[in-house]
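Hi,

Here is the structure I promised to pass on. Have a look at it first, then read my notes below with the model open beside you.

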Amino acid sequence: MVINPTHLAQTTRSSVNWNDASRRAIKSYRDWQRAVPELVKIYVLNVPIPAVRAKIRQEFERNRYVKQLPVVDMLIAKSNMEFQETMNYWKQIPHIMKYFRVEEDPKAKISSSFMTNFLEGRN
């Protein structure tokens, strides 16, 4: 596997209007979704492909209702950077698996007991 650092690089730019920002966000989302099988293969993840796709969807949905255009541009730029770093294998497996921790799931219940959280390594 030959890594070309500039292969997935994109220039950072500002969106002209909301339609442009929406188009760029959808393109970024589709790039992530199309890359999932390769991502699972190169990082040798023990996570099924539908679970990875659902997590990507969850991450994009988290920022769905952002109303400031400059903030949307920044989120798209961050998404493109993350995509480049991930697909060029510049991340390690723990960087990928952090998205699948129980703490990342808002529905997961975290104990209110200090000692239980301390023993489980939570802050």
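Arg62 counts as exposed, because its relative accessibility is 58% and the cut-off for exposed is over 50%. Keep in mind that this is a predicted model, so treat what follows as a reading of a prediction. The side chain of Arg62 meets that of Glu59 in a salt bridge, 3.4 Å from N to O. Both residues belong to helix 2 and sit 3 residues apart, about one turn of the helix.

Helix 2 has another pair like that. Arg57 and Glu61 also join their side chains in a salt bridge, at 3.3 Å from N to O. Why do Arg57 and Glu61 come about one helical turn apart? Because they are 4 residues apart in helix 2. In general, an α-helix has 3.6 residues a turn, so residues three or four places apart point the same way. Arg57 is partly exposed, with a relative accessible area of 42%, and Glu61 is partly exposed too, at 31%.

How many salt bridges does a search of the whole structure find? It finds 8. One of them joins Arg13 to Asp20, with the closest N and O atoms 3.0 Å apart. Is Asp20 buried or exposed? Asp20 counts as buried because its relative accessibility is 9%, and buried means under 20%. Its partner Arg13 is partly exposed, at 35%. Arg23 comes in here as well: Arg13, Asp20 and Arg23 are linked in a network of salt bridges.

Now for the nonpolar side of things. The largest nonpolar core has 14 residues, and the members that touch the most others are Leu39, Tyr43, Leu45 and Val52. Helix 1, helix 2 and helix 3 each give two or more residues to this core. Helix 1 gives the most, with 7 residues. If you want one residue to click on, try Leu39: leaving out residues up to four places away in sequence, Leu39 touches Trp32, Leu45, Val52, Thr86, Met87 and Ile96.

Helix 3 is worth some time too. Does its length add up? Helix 3 covers residues 69–87, and at 1.5 Å a residue its 19 residues should span 27 Å; the end C-alpha atoms are 27 Å apart, so the two agree. If you try the sum yourself, multiply 1.5 Å by one less than the number of residues. Many residues to look at here are buried, including Leu69, Val72, Ile76, Phe83 and Met87, along with Asp73, Asn80 and Gln84. Which helices do the buried residues of helix 3 pack against? They pack against helix 1 (18–43), helix 2 (49–62) and helix 4 (93–97).

You can also check how the chain folds back on itself with Ser22 and Ile76. These two are 54 residues apart in sequence, yet 9.8 Å apart in space, C-alpha to C-alpha. Ser22 lies in helix 1 and counts as partly exposed, at 36% relative accessibility.

Last stop, the end of helix 3. Just after this helix, Tyr89 takes a positive phi of about 60°. Lys91 is in the loop between helix 3 and helix 4. Lys91 counts as buried because its relative accessibility is 11%, again with the cut-off at under 20%. Setting aside neighbours within four places in sequence, Lys91 is in contact with Tyr43, Glu82, Glu85, Thr86 and Ile96.

Cheers

Conventions:
Residues numbered from 1 in each chain as written. Predicted model: local features only at pLDDT ≥ 70, side-chain atom pairs only at ≥ 80, totals over all residues. Heavy atoms only, no water. Buried < 20%, exposed > 50% of the residue type's maximum accessible area, 1.4 Å probe, protein only. Contact = heavy atoms within 4.5 Å. Core = buried A, V, L, I, M, F, W, Y, C linked by side-chain atoms within 4.5 Å. Salt bridge = Lys/Arg side-chain N within 4 Å of Asp/Glu carboxyl O.
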